[in-house]
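You asked for a few notes to go with this one before you start turning it around on screen. Here they are, in an order that should be easy to follow.

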Amino acid sequence: MAQVLPADKKQLRACLLCSLVKNASQFRANGCENCDDILRMRDYPERVSECTSSKFEGVIALMQPPESWVARWQRIDKFTRGVYAIRVYGRIPEDVEDDLERKGIVYRPRDGSVKD
């Protein structure tokens, strides 16, 4: 669990796909615990800057995702425990969007621009 929580408050970034918040060095070392099979950030610093954003609003500390109404509301109830941004500004690269589309996954930007 220690590698999922931000190690310190410097250089915090949020994953553009799931909104997990960690610092840049943690994303480089461990990737995103929810999305690394798609985003492949581990050990690729340029991928970390493409697939995460330093521009985000608010945070949620999530300890029991399946039982949390906030997690369901934010659509993060299937993800790992950790700290999540409420809104993340930016978009994932086109190649990642194409990969998601091929896998039948609908990409929903985390900035609130897409409404149900």
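The points below go from confidence to strands, core, salt bridges and a few single residues.

1. Start with how far to trust the picture. This is a predicted model, and the mean pLDDT of the protein is 88, with 91% of its residues at 70 or more. Among the elements, strand 3 (residues 52–53) has the highest mean pLDDT, at 96, while helix 2 (residues 36–39) has the lowest, at 88. As a general habit, where pLDDT is low, don't read the predicted coordinates in detail.

2. Next, look at strand 1, residues 12–15. It runs antiparallel to strand 2, and 3 bridges join the two. It also runs antiparallel to strand 3, this time with 2 bridges. Ala 14 is a handy residue to click on here: its bridge partner in strand 2 is Val 21, and its bridge partner in strand 3 is Ser 53.

3. Stay with the hairpin of strand 1 and strand 2 for a moment. There are 5 residues between the strands, and in this hairpin Ser 19 takes a positive phi near 75 degrees. For background, most residues other than glycine have a negative phi.

4. What does the loop between helix 2 and helix 3 hold in the way of positive phi values? Arg 40 lies in that loop and has a phi of about 50 degrees, although it is not a glycine. Asp 43 lies in that loop too, with a positive phi of about 70 degrees, and it is not a glycine either. As for accessibility, Arg 40 is partly exposed at 42%, whereas Asp 43 counts as exposed at 57%.

5. Now the inside. The largest nonpolar core has 26 residues, and the members that touch the most others are Cys 15, Leu 17, Cys 32, Leu 39 and Met 41. Strand 1, helix 2, helix 3 (45–51), strand 5 (82–88) and helix 5 each give two or more residues to this core. Strand 5 supplies the largest share, 4 residues.

6. Met 41 deserves a closer look. Leaving aside residues up to four places away in sequence, Met 41 touches Cys 15, Phe 27, Arg 28, Gly 31, Cys 32, Asp 36, Arg 47, Val 48, Cys 51 and Thr 52. Two of these contacts, Cys 15 and Cys 32, are also on the list of core members that touch the most others.

7. On to charges. How many salt bridges does a search of the whole structure find? The count is 8. In general, side chains of opposite charge can pair when their charged atoms come close.

8. The bridge I'd show you before the others is Lys 22 with Glu 33, at 2.8 Å from N to O. Lys 22 sits in strand 2 (residues 21–23) and Glu 33 in the loop between helix 1 (24–30) and helix 2, so the pair ties together parts that are 11 residues apart in sequence. Is Lys 22 buried or exposed? It is buried, with a relative accessibility of 0%. Glu 33, on the other side of the bridge, is partly exposed at 29%.

9. Helix 5 (residues 94–102) has a salt bridge within the helix: Asp 99 and Arg 102 both lie there, 3 residues apart, or about one turn. Their closest N and O atoms are 3.6 Å apart. Asp 99 counts as buried, at 13% relative accessibility, whereas Arg 102 counts as exposed, at 64%.

10. Two more places to check for salt bridges. Asp 77 and Lys 78 meet through their side chains at 3.5 Å, N to O, and Lys 78 is exposed, with a relative accessible area of 74%. Elsewhere, Arg 47, Glu 50 and Asp 95 are linked in a network of salt bridges. Arg 47 is also one of the residues that Met 41 touches.

11. Last, go back to strand 2 for Asn 23. Asn 23 is buried, with a relative accessible area of 4%. Its side chain makes a polar contact with the side chain of Ser 25, at 3.1 Å.

Methods
Residues numbered from 1 in each chain as written. Predicted model: local features only at pLDDT ≥ 70, side-chain atom pairs only at ≥ 80, totals over all residues. Heavy atoms only, no water. pLDDT = per-residue confidence, 0-100. Salt bridge = Lys/Arg side-chain N within 4 Å of Asp/Glu carboxyl O. Buried < 20%, exposed > 50% of the residue type's maximum accessible area, 1.4 Å probe, protein only. Pairing = 2+ DSSP bridges. Core = buried A, V, L, I, M, F, W, Y, C linked by side-chain atoms within 4.5 Å. Contact = heavy atoms within 4.5 Å. Polar contact = N/O pair within 3.5 Å; in protein donor to acceptor, adjacent residues only side chain to side chain.
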